[in-house]
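I set out to record what I looked up in this structure, entry by entry. The entries follow the order in which I consulted the model.

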Amino acid sequence: MFSYQHHYHAGNHADVLKHWLLLACVRYLQLKEKPFDYIDTHAGAGLYRLDSAMARKTAESDDGILKLDWFRLPGLEDYHRQVADDIDARCYPGSPLLVKRLLRSGDKAWLFEMHPQIIEELRQNCEQRRVCHVRREDGFKALSALLPPASHRALVLIDPSYEVKSDYQTVVKVMANAYQKMPQAMLLLWYPVVDRQRVRQLEKDFANSKIRNVHLFEMGVAQPDGAGMTASGMVVVNPPWTLADEFARTIPGVSAQLSNDHQTRWRHRVLVAQ
Ligand SMILES: C[S@@+](CC[C@H](N)C(=O)[O-])C[C@H]1O[C@@H](n2cnc3c(N)ncnc32)[C@H](O)[C@@H]1O
(Lines give C-alpha, C1' and ligand atoms only; values in the text may rest on other atoms or scores of the structure.)
Protein backbone atom coordinates (compact mmCIF):
# COMPACT_ATOMS: atom_id res chain seq x y z
CA MET A 1 0.00 0.00 0.00
CA PHE A 2 1.17 3.55 -0.78
CA SER A 3 4.04 2.45 -2.99
CA TYR A 4 3.07 4.92 -5.71
CA GLN A 5 5.36 7.95 -5.92
CA HIS A 6 4.54 10.73 -8.33
CA HIS A 7 8.25 11.69 -8.43
CA TYR A 8 8.62 9.03 -11.17
CA HIS A 9 5.88 10.57 -13.29
CA ALA A 10 5.83 14.32 -12.63
CA GLY A 11 5.53 16.42 -15.77
CA ASN A 12 4.41 13.53 -17.97
CA HIS A 13 1.72 13.88 -20.65
CA ALA A 14 -1.01 13.10 -18.13
CA ASP A 15 0.14 15.93 -15.84
CA VAL A 16 0.03 18.32 -18.80
CA LEU A 17 -3.62 17.51 -19.52
CA LYS A 18 -4.63 17.45 -15.84
CA HIS A 19 -2.90 20.66 -14.79
CA TRP A 20 -3.88 22.64 -17.87
CA LEU A 21 -7.59 21.82 -17.30
CA LEU A 22 -7.29 22.34 -13.53
CA LEU A 23 -5.82 25.77 -14.12
CA ALA A 24 -8.62 26.65 -16.57
CA CYS A 25 -11.16 25.76 -13.84
CA VAL A 26 -9.39 27.91 -11.24
CA ARG A 27 -9.33 30.85 -13.66
CA TYR A 28 -13.02 30.43 -14.33
CA LEU A 29 -13.92 30.41 -10.63
CA GLN A 30 -11.76 33.47 -10.10
CA LEU A 31 -13.74 35.47 -12.64
CA LYS A 32 -15.98 36.15 -9.65
CA GLU A 33 -14.53 37.89 -6.59
CA LYS A 34 -16.30 35.54 -4.20
CA PRO A 35 -13.77 33.15 -2.57
CA PHE A 36 -13.75 29.42 -3.21
CA ASP A 37 -12.32 26.32 -1.50
CA TYR A 38 -9.95 24.00 -3.35
CA ILE A 39 -9.89 20.37 -2.20
CA ASP A 40 -7.16 18.06 -3.47
CA THR A 41 -7.98 14.54 -2.23
CA HIS A 42 -4.68 12.99 -3.45
CA ALA A 43 -2.23 15.87 -3.33
CA GLY A 44 1.22 14.29 -3.74
CA ALA A 45 4.39 16.23 -2.81
CA GLY A 46 3.56 19.56 -4.46
CA LEU A 47 6.95 20.04 -6.16
CA TYR A 48 9.17 17.57 -8.00
CA ARG A 49 12.73 17.72 -9.30
CA LEU A 50 12.92 16.69 -12.95
CA ASP A 51 16.59 15.76 -12.58
CA SER A 52 16.21 13.46 -9.54
CA ALA A 53 17.21 9.80 -9.86
CA MET A 54 13.52 8.84 -9.69
CA ALA A 55 12.48 11.26 -12.44
CA ARG A 56 15.39 10.30 -14.69
CA LYS A 57 14.68 6.60 -14.25
CA THR A 58 11.47 6.91 -16.25
CA ALA A 59 12.25 10.21 -18.03
CA GLU A 60 8.50 10.71 -18.48
CA SER A 61 8.79 14.50 -18.44
CA ASP A 62 10.92 14.26 -21.61
CA ASP A 63 7.77 13.05 -23.38
CA GLY A 64 5.58 15.51 -21.50
CA ILE A 65 6.27 18.99 -20.24
CA LEU A 66 9.80 19.13 -21.71
CA LYS A 67 8.60 18.08 -25.17
CA LEU A 68 6.18 20.98 -25.65
CA ASP A 69 7.05 23.65 -28.18
CA TRP A 70 5.13 26.27 -26.22
CA PHE A 71 5.28 29.01 -28.82
CA ARG A 72 3.42 26.86 -31.32
CA LEU A 73 0.60 26.12 -28.87
CA PRO A 74 -1.89 28.97 -28.65
CA GLY A 75 -4.24 28.30 -25.73
CA LEU A 76 -1.51 27.05 -23.39
CA GLU A 77 0.01 30.44 -22.54
CA ASP A 78 -1.41 30.65 -19.02
CA TYR A 79 -0.27 27.13 -18.13
CA HIS A 80 3.18 27.91 -19.57
CA ARG A 81 3.45 31.03 -17.39
CA GLN A 82 2.62 28.98 -14.29
CA VAL A 83 5.30 26.35 -14.87
CA ALA A 84 8.05 28.21 -16.80
CA ASP A 85 10.17 29.25 -13.79
CA ASP A 86 9.96 25.75 -12.31
CA ILE A 87 11.05 24.18 -15.58
CA ASP A 88 14.00 26.60 -15.75
CA ALA A 89 14.95 25.33 -12.27
CA ARG A 90 14.57 21.70 -13.48
CA CYS A 91 11.42 21.28 -11.36
CA TYR A 92 7.74 20.73 -11.95
CA PRO A 93 4.86 21.83 -9.65
CA GLY A 94 2.10 19.43 -8.66
CA SER A 95 -1.59 20.29 -8.47
CA PRO A 96 -1.56 21.65 -4.88
CA LEU A 97 1.30 24.08 -5.53
CA LEU A 98 -0.12 25.24 -8.86
CA VAL A 99 -3.40 26.15 -7.16
CA LYS A 100 -1.84 27.46 -3.95
CA ARG A 101 0.11 30.06 -5.92
CA LEU A 102 -3.14 31.41 -7.38
CA LEU A 103 -5.15 31.62 -4.16
CA ARG A 104 -6.52 35.08 -3.39
CA SER A 105 -7.43 36.53 -0.04
CA GLY A 106 -10.35 34.41 1.22
CA ASP A 107 -9.66 31.40 -1.03
CA LYS A 108 -8.62 28.26 0.87
CA ALA A 109 -7.02 24.92 0.03
CA TRP A 110 -7.44 21.55 1.70
CA LEU A 111 -4.78 19.01 0.74
CA PHE A 112 -4.92 15.30 1.61
CA GLU A 113 -2.07 12.83 1.34
CA MET A 114 -1.44 9.46 3.00
CA HIS A 115 2.19 8.61 2.21
CA PRO A 116 4.37 9.16 5.32
CA GLN A 117 7.29 10.80 3.49
CA ILE A 118 5.35 12.57 0.77
CA ILE A 119 3.13 14.31 3.31
CA GLU A 120 6.26 15.91 4.81
CA GLU A 121 7.30 17.22 1.39
CA LEU A 122 3.77 18.48 0.84
CA ARG A 123 3.89 20.34 4.17
CA GLN A 124 7.16 22.00 3.24
CA ASN A 125 5.98 22.96 -0.23
CA CYS A 126 2.40 24.01 0.44
CA GLU A 127 1.34 24.37 4.07
CA GLN A 128 0.27 27.88 5.02
CA ARG A 129 -1.58 28.80 8.19
CA ARG A 130 -5.31 29.41 7.76
CA VAL A 131 -4.97 29.27 3.94
CA CYS A 132 -3.50 25.97 2.84
CA HIS A 133 -4.39 23.09 5.14
CA VAL A 134 -2.44 19.82 4.81
CA ARG A 135 -3.89 16.66 6.35
CA ARG A 136 -2.64 13.08 6.55
CA GLU A 137 -6.03 11.52 5.92
CA ASP A 138 -7.74 9.36 3.33
CA GLY A 139 -8.87 11.95 0.80
CA PHE A 140 -11.76 9.76 -0.37
CA LYS A 141 -13.23 9.83 3.14
CA ALA A 142 -12.26 13.39 4.05
CA LEU A 143 -13.95 15.03 1.05
CA SER A 144 -17.50 14.49 2.18
CA ALA A 145 -16.95 16.20 5.56
CA LEU A 146 -15.75 19.40 3.85
CA LEU A 147 -18.77 19.82 1.59
CA PRO A 148 -20.33 22.28 1.31
CA PRO A 149 -17.63 24.69 2.55
CA ALA A 150 -18.52 28.03 4.13
CA SER A 151 -17.65 29.79 0.85
CA HIS A 152 -20.38 27.77 -0.94
CA ARG A 153 -17.99 27.48 -3.91
CA ALA A 154 -15.76 24.41 -4.30
CA LEU A 155 -13.26 23.01 -6.76
CA VAL A 156 -12.32 19.39 -6.07
CA LEU A 157 -9.53 17.39 -7.71
CA ILE A 158 -9.59 13.61 -7.25
CA ASP A 159 -6.35 12.18 -8.58
CA PRO A 160 -5.76 8.68 -7.18
CA SER A 161 -2.94 6.42 -8.27
CA TYR A 162 -5.33 3.52 -9.11
CA GLU A 163 -2.95 1.10 -7.35
CA VAL A 164 -6.06 -0.48 -5.90
CA LYS A 165 -8.26 -1.60 -8.78
CA SER A 166 -11.43 -0.91 -6.78
CA ASP A 167 -10.47 2.80 -7.07
CA TYR A 168 -12.32 2.80 -10.42
CA GLN A 169 -15.57 2.08 -8.59
CA THR A 170 -14.69 4.09 -5.49
CA VAL A 171 -14.18 7.32 -7.46
CA VAL A 172 -17.72 7.25 -8.86
CA LYS A 173 -19.22 6.60 -5.40
CA VAL A 174 -17.12 9.38 -3.87
CA MET A 175 -18.13 11.82 -6.62
CA ALA A 176 -21.81 10.86 -6.38
CA ASN A 177 -21.69 11.49 -2.65
CA ALA A 178 -19.89 14.82 -3.12
CA TYR A 179 -22.45 15.82 -5.76
CA GLN A 180 -25.33 14.95 -3.47
CA LYS A 181 -23.86 17.15 -0.74
CA MET A 182 -23.04 20.00 -3.11
CA PRO A 183 -24.58 19.75 -6.60
CA GLN A 184 -22.97 23.02 -7.73
CA ALA A 185 -19.37 21.95 -6.88
CA MET A 186 -16.89 21.65 -9.73
CA LEU A 187 -15.56 18.08 -9.44
CA LEU A 188 -12.52 16.91 -11.42
CA LEU A 189 -11.40 13.31 -11.68
CA TRP A 190 -8.25 12.19 -13.44
CA TYR A 191 -8.10 8.66 -14.96
CA PRO A 192 -5.45 6.72 -16.90
CA VAL A 193 -6.18 4.74 -20.06
CA VAL A 194 -4.21 1.54 -19.62
CA ASP A 195 -7.11 -0.82 -20.07
CA ARG A 196 -9.84 0.73 -22.27
CA GLN A 197 -12.46 -1.60 -20.84
CA ARG A 198 -12.08 0.00 -17.39
CA VAL A 199 -12.67 3.45 -18.87
CA ARG A 200 -15.77 2.26 -20.74
CA GLN A 201 -17.11 0.93 -17.46
CA LEU A 202 -16.24 4.20 -15.71
CA GLU A 203 -18.23 6.11 -18.34
CA LYS A 204 -21.20 3.77 -17.87
CA ASP A 205 -21.01 4.16 -14.10
CA PHE A 206 -21.19 7.94 -14.43
CA ALA A 207 -24.06 7.69 -16.90
CA ASN A 208 -25.95 5.49 -14.41
CA SER A 209 -25.23 7.72 -11.42
CA LYS A 210 -27.37 10.62 -10.21
CA ILE A 211 -24.68 13.16 -11.15
CA ARG A 212 -25.66 15.68 -13.86
CA ASN A 213 -23.56 17.81 -16.20
CA VAL A 214 -20.67 15.35 -16.56
CA HIS A 215 -18.07 15.92 -19.29
CA LEU A 216 -15.08 13.84 -20.31
CA PHE A 217 -11.86 15.28 -21.78
CA GLU A 218 -9.25 12.82 -23.03
CA MET A 219 -5.89 13.00 -24.78
CA GLY A 220 -4.10 10.07 -26.44
CA VAL A 221 -0.36 9.95 -27.08
CA ALA A 222 0.07 6.51 -28.68
CA GLN A 223 -1.79 3.87 -30.67
CA PRO A 224 -4.73 2.71 -28.52
CA ASP A 225 -3.56 -0.92 -28.61
CA GLY A 226 -0.04 -0.01 -27.45
CA ALA A 227 1.46 -0.93 -24.07
CA GLY A 228 1.30 1.21 -20.94
CA MET A 229 -0.68 4.41 -20.52
CA THR A 230 -1.60 5.35 -24.09
CA ALA A 231 -3.99 8.13 -23.02
CA SER A 232 -5.44 9.82 -19.97
CA GLY A 233 -8.48 11.88 -19.25
CA MET A 234 -10.41 14.10 -16.91
CA VAL A 235 -14.04 13.70 -15.96
CA VAL A 236 -15.37 17.14 -15.03
CA VAL A 237 -18.69 17.73 -13.29
CA ASN A 238 -20.04 21.27 -13.81
CA PRO A 239 -17.19 22.37 -16.08
CA PRO A 240 -16.81 26.03 -17.03
CA TRP A 241 -19.14 26.56 -19.99
CA THR A 242 -16.14 27.75 -22.01
CA LEU A 243 -14.01 24.64 -21.36
CA ALA A 244 -15.21 22.37 -24.17
CA ASP A 245 -14.48 25.00 -26.84
CA GLU A 246 -11.15 25.91 -25.26
CA PHE A 247 -10.22 22.22 -25.19
CA ALA A 248 -11.29 21.57 -28.79
CA ARG A 249 -9.24 24.53 -30.01
CA THR A 250 -6.06 23.65 -28.12
CA ILE A 251 -5.92 19.87 -27.74
CA PRO A 252 -5.12 18.93 -31.37
CA GLY A 253 -1.80 20.80 -31.16
CA VAL A 254 -0.93 19.48 -27.70
CA SER A 255 -1.78 15.90 -28.60
CA ALA A 256 0.16 16.02 -31.89
CA GLN A 257 3.24 17.34 -30.07
CA LEU A 258 3.08 14.80 -27.24
CA SER A 259 2.17 11.70 -29.21
CA ASN A 260 4.90 9.28 -30.19
CA ASP A 261 3.81 9.32 -33.85
CA HIS A 262 2.69 12.98 -34.25
CA GLN A 263 -0.93 11.84 -34.57
CA THR A 264 -3.74 13.78 -32.94
CA ARG A 265 -5.96 11.80 -30.57
CA TRP A 266 -8.55 13.31 -28.27
CA ARG A 267 -12.16 13.05 -27.15
CA HIS A 268 -14.66 15.37 -25.57
CA ARG A 269 -17.94 13.68 -24.56
CA VAL A 270 -20.91 14.83 -22.57
CA LEU A 271 -21.48 11.75 -20.40
CA VAL A 272 -24.53 13.25 -18.70
CA ALA A 273 -26.26 16.45 -19.81
CA GLN A 274 -27.09 19.30 -17.46
C1 LIG B 1 -1.17 10.79 -8.66
S2 LIG B 1 -0.50 11.27 -7.16
C3 LIG B 1 -1.10 12.92 -6.93
C4 LIG B 1 -0.56 13.94 -7.87
C5 LIG B 1 -1.09 15.32 -7.66
N6 LIG B 1 -2.55 15.36 -7.57
C7 LIG B 1 -0.65 16.24 -8.77
O8 LIG B 1 -1.37 16.40 -9.77
O9 LIG B 1 0.42 16.83 -8.66
C10 LIG B 1 -1.50 10.37 -6.01
C11 LIG B 1 -1.11 10.59 -4.54
O12 LIG B 1 -2.17 10.09 -3.72
C13 LIG B 1 -1.62 9.55 -2.53
N14 LIG B 1 -2.66 8.68 -1.96
C15 LIG B 1 -2.93 7.37 -2.25
N16 LIG B 1 -4.06 6.99 -1.61
C17 LIG B 1 -4.52 8.07 -0.95
C18 LIG B 1 -5.69 8.33 -0.14
N19 LIG B 1 -6.59 7.37 0.10
N20 LIG B 1 -5.86 9.57 0.38
C21 LIG B 1 -4.96 10.55 0.13
N22 LIG B 1 -3.85 10.38 -0.62
C23 LIG B 1 -3.63 9.16 -1.15
C24 LIG B 1 -0.35 8.88 -3.01
O25 LIG B 1 0.55 8.72 -1.93
C26 LIG B 1 0.15 9.86 -4.09
O27 LIG B 1 1.05 10.78 -3.54
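**Backbone and packing entries**

I began with Asn238, which sits in the loop between β9 (231-237) and α9 (243-258). The model is a predicted one, and I read every value below as computed from it.

I looked up the backbone of Asn238 and found phi near 60°, a positive value in a residue other than glycine. Is Asn238 buried or exposed? I found Asn238 buried, with 22 other C-beta atoms within 10 Å; the cut-off for buried is 20 or more.

I then turned to His262, in the loop between α9 and β10 (265-272). His262 is not a glycine, yet its phi is positive, at about 65°. I noted 9 C-beta neighbours inside 10 Å, so His262 counts as exposed, the limit for that class being 12 or fewer.

My next entry concerns helix α6 (residues 139-146) and helix α7 (residues 167-181), which pack at an angle of about 10° with their axes 9 Å apart. I therefore recorded α6 as roughly parallel to α7, since angles under 35 degrees fall in that class.

Which residues make this contact? From α6 I listed Phe140, Leu143 and Ser144, and these meet Thr170, Val174, Asn177, Ala178 and Lys181 in α7. By type, I entered the contact of α6 with α7 as four nonpolar, three polar and one charged.

I went on to the burial pattern within α6, where Gly139, Leu143 and Leu146 are buried. Why do they lie on the same side of α6? They cover an arc of only 70° around the axis, which places them on the same side of the helix. I noted the general background that an α-helix has 3.6 residues a turn, so residues three or four places apart point the same way.

On the other side of α6, I found Lys141 and Ala145 exposed. The elements covering the buried residues of α6 include β1 (37-40), β4 (108-112), β6 (154-158) and α7.

In the loop between α6 and β6 I located Pro148. The peptide bond from Leu147 to Pro148 is cis, and I recorded its omega as near -10°.

My last entry is on the ligand, which has 22 residues around it. Which of them come nearest? I entered His42, Gly44, Gly94, Ser95 and His115. I classified the residues of the shell around the ligand as eight nonpolar, nine polar and five charged.

Methods: Residues are numbered from 1 along each chain as its sequence is written. This is a predicted model: local features need pLDDT of at least 70, side-chain atom pairs count only at pLDDT 80 or more; totals for chains, interfaces and linings use all residues. A residue is near a molecule or strand if its C-beta atom, placed from the backbone, lies within 6 Å of it. Ala, Val, Leu, Ile, Met, Phe, Trp, Tyr, Cys and Pro count as nonpolar, Asp, Glu, Lys and Arg as charged, and the others, Gly among them, as polar. Axes are lines fitted to C-alpha atoms, for helices over the stretch in contact, and angles run from 0 to 180 degrees between N-to-C directions. Helices (H or I, at least four residues) and strands (E, at least two) are DSSP runs, numbered from the N terminus. Angles under 35 degrees count as roughly parallel, over 145 as roughly antiparallel, 65 to 115 as roughly perpendicular and the rest as oblique. Two residues are in contact if their C-beta atoms, placed from the backbone, lie within 7 Å. The arc is that of the directions from the helix axis to the C-beta atoms.
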